[in-house]
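Reader: I would like to learn how to read a helix and the core behind it. Where should we begin?

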Amino acid sequence: MTRIVAGSVGGRTLAVPPQGTRPTSERVREALFSRLEHLDAVEGARVLDGYAGSGALGLEAASRGAARVVLVEMGKVAADVCRKNVAALGLRDRAEVVRDRVEKYVARPVAEPWDLVLLDPPYDVPDETVAEVLTALVPALTAESVVVVERSARSGPPPWPEQMHGFDTRTYGDTALHLGARSPVPDDEATRR
């Protein structure tokens with residue numbers, strides 16, 4: 001059973017796709033959101049939950065005060081489960097489900113930048129694909145945006161593009177959470193603009 005850990009709909013259960021997903025455990029979500037709240041990255045945030053699965057990460061953010069959450073999931077069954085969870089939790093006003101490939105979705109321009117990006121790709125998604133997604137995200141981030149990539153603890157850090165940097169990694173059993181952000185523009189480059 002998967003539940004929302006805290007916030008306005010804390011304790012409520014989530015439906016989970018019957019196969020093909022690996023929902024982030026409650027313990028890991030609790031630790032992650034404690035860290036994100038310490039960074040002031042959740043309240044009022046525009047959140048992208050890529051590879052959403054059941055939507056647990058994005059819906060946790062919505063429960064904890066995110067202003068807008070977009071759950072992107074390619075699988076039909078999983079996207080339907082996300083929609084069911086959004087409706088059951090009464091979060092339709094703040095959460096939207098988009099059925100699409102994450103790589104394709106992040107390549108589109110956005111009206112407003114993301115404040116928080118949560119990426120939980122299946123562990124078998126190659127680093128090259130993760131790098132493609134991270135690179136495509138750069139124009140949609142600000143200096144204050146936080147990006148979280150969940151990977152197997154047996155793999156190394158994600159392939160951060162040149163315009164980003166990792167600033168924290170936390171490991172919980174087989175799960176590693178890598179936090180990153182946009183890198184500051186060097187002073188000499190900023191003066192050329």
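Author: Begin with burial along one helix. In this predicted model, helix 3 has A78, A79, V81, C82, N85 and V86 as its buried residues.

Reader: Why do the buried residues of helix 3 line one face?

Author: Look down the helix axis. For helix 3 the buried residues fall within an arc of 155°, so they line one face of the helix.

Reader: What do the buried residues of helix 3 pack against?

Author: Their partners are strand 2 (13–14), helix 2, strand 4 and strand 5.

Reader: How far does helix 3 reach from its first C-alpha to its last?

Author: Its 13 residues reach 18 Å, close to the 18 Å expected at 1.5 Å a residue. After helix 3 comes G90, with a positive phi near 70°.

Reader: Now the core. What is the general idea?

Author: In soluble globular proteins, nonpolar side chains tend to be buried together. Here the largest nonpolar core has 34 residues, and L36, L59, L118 and V148 have the most contacts inside it. Elements that each supply at least two residues of this core include helix 1 (26–38), helix 3 (76–88), strand 6 (114–119) and strand 7 (141–152).

Reader: Which element gives the largest share of this core?

Author: Helix 2, with five residues.

Reader: Which residues does L36 touch, leaving out those up to four places away in sequence?

Author: L36 touches A41, V42, L116, L118, V146, V148 and L179. Apart from this core lies another, of 23 residues, with L48, Y51, V102 and V133 among them.

Terms used: Residues are numbered from 1 along each chain as its sequence is written. This is a predicted model: local features need pLDDT of at least 70, side-chain atom pairs count only at pLDDT 80 or more; totals for chains, interfaces and linings use all residues. Side-chain values use heavy atoms; hydrogens and water are left out. A nonpolar core is a set of buried Ala, Val, Leu, Ile, Met, Phe, Trp, Tyr and Cys residues joined through side-chain atoms within 4.5 Å. Buried means under 20% relative accessible area, exposed over 50%, partly exposed in between (1.4 Å probe, protein chains only). Helices (H or I, at least four residues) and strands (E, at least two) are DSSP runs, numbered from the N terminus. Contact means heavy atoms within 4.5 Å. The expected span of a helix is 1.5 Å times one less than its number of residues. The arc is that of the directions from the helix axis to the C-beta atoms.
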